[in-house]
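Trainee: I should like to learn how to read the features of a protein model. May we take them one at a time?

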Amino acid sequence: MDSDRGFLMLFDSIRSQEGPVSILKKALYHGRVPTAYLFTGPPGCGRMMAALATAASLNCQSGAIACGSCSSCLLYSAGNHPDLYLIGLPEGKRQIVIKQIREQILARAYLKPMSGKTSTFIVQDAHLINMNASNAFLKTLEEPPATSHFILIATDRDSVLPTISSRCQTLAFSPLPRLVVEDILLKEGIQKSQASLLAAMAKGSVKKALAYQSTGALEEMAGEFEPLSSLHNYGVGQLLDLAQRWGRNRQDALGVLEFMAQWYRDMLILFEGVPEDQVIHVAHIQELKKGADSIGGVNLASILESVEDAREAIEANTNVQLTLDTLLLRVRNHTLPTEKSA
């Protein structure tokens, strides 16, 4: 449901986003589409589909809402409409820089549309636009050309520089319900047992679920259940060895931390009596129940806080190995039988 999922561009294809879709349709019907939108929400929840549907509608030859069958809509559907511009993070880069903004937006935004009535610029990962690029973009957002629209996409409004977000109308897209993600995965041909687990892990993001599936994360994760269940039995040397294996690189470490967060979250909700159908790793329900009873709610909450601290530290470019060393020692201390709490 994001850019790499093809150029689906009909509002009817967007699931469980009735609020923002209704607002967009009303704006299109009344011909009052703001020059700049900021679509927020997790990747893979329908933001990009809504952006493409809006862009296609603005140039649809049949009406206010993209019909999907006129020559303009067919070009959007094929991903090669000349008045559609997609701007994203270049491969291997960590920021959208001023050169991109100048070349891909500013140099084109004031030109007459090549085919339709309007040009649409969709900026993915808008939270990664750096300060200089934002400053360059600002004047265009303040005094926009009459024939251009801008749709910025980010996870949340606060992650975008205020100078940019304050000049956009924000539409918030919610994480997709678990059953909706599972249904989409089933239609992608993924087996039900795997689709159910992926949907639970993905937290409302089809893109995330498909990434888990395509990278073999499930298979890799299967080998880590035993260490997580046995941390309280590990000596310091074993913990450091485990941290070294899990911290081969920043991305692997973040994946492990997400897995740890899921594991201990499952224990905590079982400890608190939440129905078992809310558990992600339901295949390991007996291990999780045993761990929940042994570790206790207070320690589980502390572990989850430590995991989140470690995630933030690694994302802030601290030393991966030292961060995991410290985390595993803390987690082990919280799981030792002598320190458990009822």
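The dialogue below treats the sheet, one of its strands, a helix face and two helix pairs.

Mentor: Please bear in mind throughout that this is a predicted model. Let us begin with the sheet.

Trainee: How many strands form the open sheet, and in what order do they lie?

Mentor: A sheet is read by following its strands from one neighbour to the next. Here the open sheet has 5 strands, in the order E2-E3-E4-E1-E5, and their pairing is parallel. Strand E2 (84-87) and strand E5 (169-172) are the edge strands, each pairing on one side only. From one strand to the next, the twist averages 20°.

Trainee: Which helix packs on the sheet, and which strands does it touch?

Mentor: Helix H1 (residues 18-29) packs there, touching E1 and E5. The direction of H1 makes about 140° with that of E5.

Trainee: How many bridges join strand E1 to E4, and how many join E1 to E5?

Mentor: Strand E1 (residues 36-40) is joined to strand E4 (residues 148-154) by 5 bridges, and the two run parallel. Ala36 has Phe150 of E4 as its bridge partner, and Tyr37 has Ile151 of E4. With E5, E1 shares 4 bridges, again in a parallel arrangement. There, Thr40 stands opposite Ala172 of E5.

Trainee: Are the residues of E1 buried or exposed?

Mentor: For a strand, one inspects each face separately. In E1, 5 of its 5 residues are buried. Ala36, Leu38 and Thr40 lie on one side, Tyr37 and Phe39 on the other, and both faces are covered.

Trainee: How should I read the buried side of a helix?

Mentor: An α-helix has 3.6 residues a turn, so residues three or four places apart point the same way. Now consider helix H3 (residues 71-78), whose buried residues are Ser72, Cys73 and Tyr76. Viewed down the axis of H3, these residues fall within an arc of 95°, so they line one face of the helix.

Trainee: What covers the buried residues of H3, and what comes just after this helix?

Mentor: The cover includes helix H2 (47-59) and E2. Just after H3 comes Gly79, with a positive phi of about 80°.

Trainee: At what angle do helices H15 and H16 pack?

Mentor: For a helix pair, one considers the angle and the distance between the axes. Helix H15 (residues 297-315) and helix H16 (residues 320-335) pack at about 180°, with axes 10 Å apart. H15 and H16 are therefore roughly antiparallel to each other. On the H15 side, the contact includes Asn299, Ser302 and Ile303; on the H16 side, it includes Val320, Thr323 and Leu324. The residues of this contact of H15 with H16 divide into 9 nonpolar, 6 polar and 1 charged.

Trainee: At what angle do helices H13 and H14 pack?

Mentor: Helix H13 (residues 250-271) and helix H14 (residues 285-295) pack at an angle of about 70°, and their axes are 8 Å apart. H13 is therefore roughly perpendicular to H14. Among the residues that meet are Trp263, Tyr264 and Met267 in H13, and Ile285, Leu288 and Ala292 in H14. The contact of H13 with H14 comprises 9 nonpolar, 1 polar and 3 charged residues.

Terms used: Residues are numbered from 1 along each chain as its sequence is written. This is a predicted model: local features need pLDDT of at least 70, side-chain atom pairs count only at pLDDT 80 or more; totals for chains, interfaces and linings use all residues. Side-chain values use heavy atoms; hydrogens and water are left out. Axes are lines fitted to C-alpha atoms, for helices over the stretch in contact, and angles run from 0 to 180 degrees between N-to-C directions. Angles under 35 degrees count as roughly parallel, over 145 as roughly antiparallel, 65 to 115 as roughly perpendicular and the rest as oblique. Contact means heavy atoms within 4.5 Å. Ala, Val, Leu, Ile, Met, Phe, Trp, Tyr, Cys and Pro count as nonpolar, Asp, Glu, Lys and Arg as charged, and the others, Gly among them, as polar. Two strands pair if DSSP finds at least two bridges between them. Buried means under 20% relative accessible area, exposed over 50%, partly exposed in between (1.4 Å probe, protein chains only). The arc is that of the directions from the helix axis to the C-beta atoms.
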